[in-house]
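Visitor: I would like a close look at one part of this protein, with some context for it. Please take me through the aromatic pairs and what surrounds them.

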Amino acid sequence: MAVLVICSPSMCCSPVNYNYAFTQDYWLPALVDNNASFGGRKDGNLKFLTFCSIGNWKKPRKKKVGFCGVAMKSDRELLVVKRKPKHALSSEDVIAVLNSILDPSDAFAYFKTVAELPFVVHTTETCNHMLEILRIHKRVEDMAIVFQLMQKQIIRRDLNTYLTLFKGLYIRGGLRQAPLALERMREAGFLLNAYSYNGLIHLLLQSGFCREALEVYRRMVSEGLKPSLKTYSALMVATGKRRDIKTVMGLLEEMESLGLTPNIYTYTICIRVLGRAGEIDEAYRILNRMEDDGCGPDVITYTVLIDALCSAGKLNNAMELFVKMKASNHKPDRVTYITLLDKFSDSGDLDTVKEFWSEMEADGYVPDVVAFTILVNALCKVGNIDEAYDLLDVMRKQGVLPNLHTYNTLICGLLRTSKLDDAVDLFNNMESLGVEPTAYTYILFIDYYGKSGLTDKALETFEMMRTRGIAPNIVACNASLYSLAEMGRLGEAKAIFNGLKNNGLAPDSVTYNMMMKCYSKAGKVDEAIKLLSDMSKCQCEPDVIVINSLINTLYKASRMDEAWQMFCRLKDMKLAPTVVTYNTLIAGLGKEGQVQRAIELFESMTLNGCPPNTVTFNTLLDCLCKNDEVELALKMLYKMTTMNCTPDVLTFNTVIHGFIKEKQVIVAIWLFHQMKKLLTPDCVTLCTLLPGVVKNGLIDEAFKIVDEFVHRVGFNINRPFWEDLMGGILTQAGTEKAILFGERLVCNRICQDDSVLMPIIKVLCKHSKATVAHSVFVKFTKELGVNPTREAYNCLIDGFLELQSAEMAWNLFMGMKNAGCAPDVFTYNLLLDTHGKSGKINDLFELYEEMLCNGCKPNTITHNIVIANLVKSNCLDKALDLYYDLVSDDFSPTPCTYGPLLDGLLKSGRLEKAKELFEEMEDYGCRPNSAIYNILINGYGKTGEVDTACELFKRMVREGIRPDLKSYTSLVGCLCMVGRVDDALHYFEQLKQTGLDLDSIAYNLIIDGLGRSHRMEEALFLFGEMQKRGIKPDLYTYNSLILNLGIVGMVEQAGKLYGELQYIGLEPNVFTYNALIRGYSMSGNFDLAYSVYKRMRIGGCSPNTGTFAQLPNQS
């Protein structure tokens, strides 16, 4: 007979162990002590043990009494407990018992026994544990009983519950397989109630499986079960995030058909979804319906709709709704005001932002850091950077500390207005203000540098971020890749791309798009296409933007058929072509001259549900005009309005350009006048039209067009316009007609300053026609009365200096001063540099003194010119004296200041002074860049201090400065020079892994180093490798190999290389012949040595002393 005693731990005295005892294959909580005696009575097969107190113990302790009223049966049946215990069994107690049972039947019996106790309820944890035991032993029917118990006792079914059930039914794939699992569960006896269905749907939605959640919902409804209002709301939120309006509104109808009444929360969800999708009218319909149904909107509802209206650009409607909200006694909350401030800030409406700010304060809401940051953003967007800065002080006075987002917003505003120095200063001060920059802060700079064409600065910032322990996120990597893609620097882009996995980052579609752009610019189209399959392998689904990019790449590579095939693949990839796709294809077809095919594709757009837009028409018009179909282009222009497309300025400019190109100038002028009836011509219009008009000799007509254009009310003509216009006329009509047209403009006072003159001078000087430019200058200034600006003189002086006509440059300089036009720092810098390059140091200093006397303050470039030329003229100490004089004042040195000084010190052997100067750079606010490190590495290396050079290289990397090709080649060359070829090979291999594009110099250095060490096999391997990489060996490469092959006796191979260099078009020089003669002489082939000598003389190459030293009779 079994005895199961259930007792509370509170009854146990200290000498008694409360544990789980084993009696006749049953596990029970019991009191175990050999000295305890228990009383009781027996009645048939039942034994009752009733403990109101504990027996006598040898060492009596404080008495503890616990409830333990138990009825026992010999079979595994229910125990009757009369009273609720003070301390019920815990989940841990039950799980501990289950863990101690080896037989699953006994475990299940114990589980059921506990389940039937009136004061004990199983938990999710105990049920899941029992399910796992049963799953292991493949007892699916018993699992169904446990699941039914969970439903009956309303025990929460969590993710582990369902995963265990799915495993028990041999369903793989996790929770996502719920729709399939439900069918098998029903077959196995698992019948879900409404509570279980609701819970499963919520678990699916929490895991991001919206489609599967909808399938489970459909099954639930089909079984006659009613989802809860909470379930409907959750489904609507999830599908709303996917912009699936149809499903959201369908769910609303279905819930009503089942008798559920939507509440404020449900309606608000619908309004949010419709608003985000731009369906504003439908959102308003829901709002009106709420009021009709007696379910009036609350503050959240109004705020959601206000947000939607602002996002749709309907700011006036948002304002009206806000007024209506306040009139309906719904006081706006903080979120409402933050929404309005944020959205009107984005639109640049600073006045309205300030009005909302005042209302917010009047309603009792004290501005917090979020509100202040929005105001900072608003001020930055309208260019009020100083006021945005002042706002930081206001925040601190009000006890609101700016946070990371505040500083990032201000940095973004500074960069947007190109105030880079201020942005860098703010960035450098962030840590001292208690705010740590994050990856996003660095991304702002990386993005700015990349879009400004400062790729090296972008990469330097990226490396700085990594050095400071901030792991680059995918956005930072993409920003860096954008910069490299714009410049086509494939090697470095590959290094970042390949390093993503090392950082635990998965490339996204933007990453792949940037890499495709890099490959495209490098002409490696096949590699770009391969990335498409790589995306699938990495489970990164390509989007239509990626496909559009590839189509464009293929067209640029003249691979039209493949571009078309890529377009056809869109359907297989379940992607719909966008208007951009069609525009790309039409542009590509136009470049290939396939006009008819472009027209057919254009006409198919509407049939395929993608109507053309204005850009499409402009692309097609460009295609037609460039392929001599300008008449058809004009017909297409008329067709635009019939297809709901409005011509823009670019439309007319394109067709006008087409007629000018076809030399139909009269038609182009007529179209220009037609354009004016609809649109206002812009500067591009005139720059497109007038060069052709002037070229055609219609200078009067051109003048009338310009005259009307300039005098148009409110139109501001700036210098760049005249520069573009006159530049175009100079290019198309020639100098003579351009000058005639310019004279007409000046004589008629259309342009009274040198705005017309300057473009002519610039273009002529740019094309090395400074003498002609000077003649025009004289005519306009002396005869036509134009007052020349300093810029005109500077342009001419620069032009003559480029032509090496220093005398004319100095004459202009004197004439400039005599005319009362004071030279500026740019003028002086040009002439100071000229003196320096000529070695006229005394003259340089005289001019420098004149500059100071005339009140023209030298800039950093001036001082750098003086210092560099002093060093160049072997006046290093004078250069150092000048440097120290400057830094003792307000001079801020740059790397260009230190470069010549360090180079001079190293070349003169003053290594300690060079080290001292280098170390003090940062003291003067100048951070060394790669150029400085390259000078140091090269300088120390060439003086034999190779260990110092290596340490400098490592320091450079530690400080986050990316070594460039020069850094590596300098180090490799120095190491080879002292015979440390293995170390040189180490850095050379490292160089290949960086992604930098290697050149012949890098290979020449390591090949020569290996050759000097008689490691010819390795040298020849690298010789082959460089050719495989597309790097052409030069004469230095061949000379080095021929020399070193001859030294080790491989003269036959040396002879082959001599023949090869001639075959590829290189001309042997005296070093080539000397190397070959030496090889043959050392190997005893005297006849061949003399034969080479004769060829050398016949080829016109004069021997030197080295030649005769290598000949056999001179050995």
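Before the close look, how much area does the protein chain expose, and what share of it do carbon and sulfur atoms supply?

Guide: The protein chain exposes about 54,200 Å². Carbon and sulfur atoms supply 51% of that area. Keep in mind that this is a predicted model. Mean pLDDT for the protein chain is 82. A pLDDT of 70 or more is reached by 91% of its residues. Residues 1–84 stand apart from that picture, with pLDDT under 50 throughout. The model has 141 contacts beyond four places in sequence for this stretch. Where pLDDT is low, the predicted coordinates should not be read in detail.

Now the overall frame. The secondary structure comes to 59 helices and five strands. The C-alpha atoms fill a box of roughly 130 × 90 × 65 Å along the principal axes. The radius of gyration is 42 Å, whereas a compact globule of 1115 residues would have one near 32 Å. Of the 1115 residues, 49% count as buried. Take contacts between residues at least 6 apart in sequence: 60% of them join residues at least 24 apart.

On to the aromatic pairs. The whole structure holds 33 of them. One is the pair of Phe108 and Phe111, which is stacked. Their ring centres are 6.5 Å apart, with 15° between the planes. Both residues lie in helix H2 (residues 104–115). They are three residues apart, about one turn of the helix. Phe108 and Phe111 are both buried.

Phe322 and Phe356 make another pair, with ring centres 5.4 Å apart. Their planes stand at 85°, so this pair is edge-to-face. Phe322 sits in helix H14 (residues 315–327) and Phe356 in helix H16 (residues 350–362), so the pair ties together parts that are 34 residues apart in sequence. Phe322 counts as buried because its relative accessibility is 2%. Phe356 is buried too, with a relative accessible area of 1%. These two rings also belong to one aromatic cluster, formed by Phe322, Tyr337, Phe344, Phe356 and Tyr365.

Next, the nonpolar core. The largest one has 351 residues. Val706, Trp722, Phe741 and Ile1006 touch the most other members. Helix H17 (residues 369–381) gives the largest share of this core, nine residues. Trp722 shows what such a position looks like. Leaving out residues up to four places away in sequence, Trp722 touches Val706, Val710, Ile717, Gly727, Leu745, Ile750, Cys751, Ser755, Val756 and Pro759.

Helix H53 (residues 1000–1012) deserves a stop as well. Ser1000 lies in this helix. Ser1000 has a relative accessible area of 17%, so it is buried. Beyond four places in sequence, Ser1000 touches Met1026, Ile1031, Lys1032 and Asp1034. His1014 is found in the loop between H53 and helix H54 (1016–1028). His1014 has a positive phi of about 65°, although it is not a glycine.

Asp628 is another non-glycine residue with positive phi, near 60°. Its place is the loop between helix H31 (614–626) and helix H32 (630–639). Asp628 counts as exposed, because its relative accessibility is 52%.

Notes:
Residues numbered from 1 in each chain as written. Predicted model: local features only at pLDDT ≥ 70, side-chain atom pairs only at ≥ 80, totals over all residues. Heavy atoms only, no water. pLDDT = per-residue confidence, 0-100. Contact = heavy atoms within 4.5 Å. Core = buried A, V, L, I, M, F, W, Y, C linked by side-chain atoms within 4.5 Å. Buried < 20%, exposed > 50% of the residue type's maximum accessible area, 1.4 Å probe, protein only. Helix = DSSP H or I, 4+ residues; strand = E, 2+ residues; numbered from the N terminus. Rg over C-alpha atoms; globule rule 2.2 N^0.38 Å. Areas by Shrake-Rupley, 256 points an atom, 1.4 Å probe, with all protein chains shown as cover. Phe/Tyr/Trp six-rings, centres within 6.5 Å; stacked < 30°, edge-to-face > 60°.
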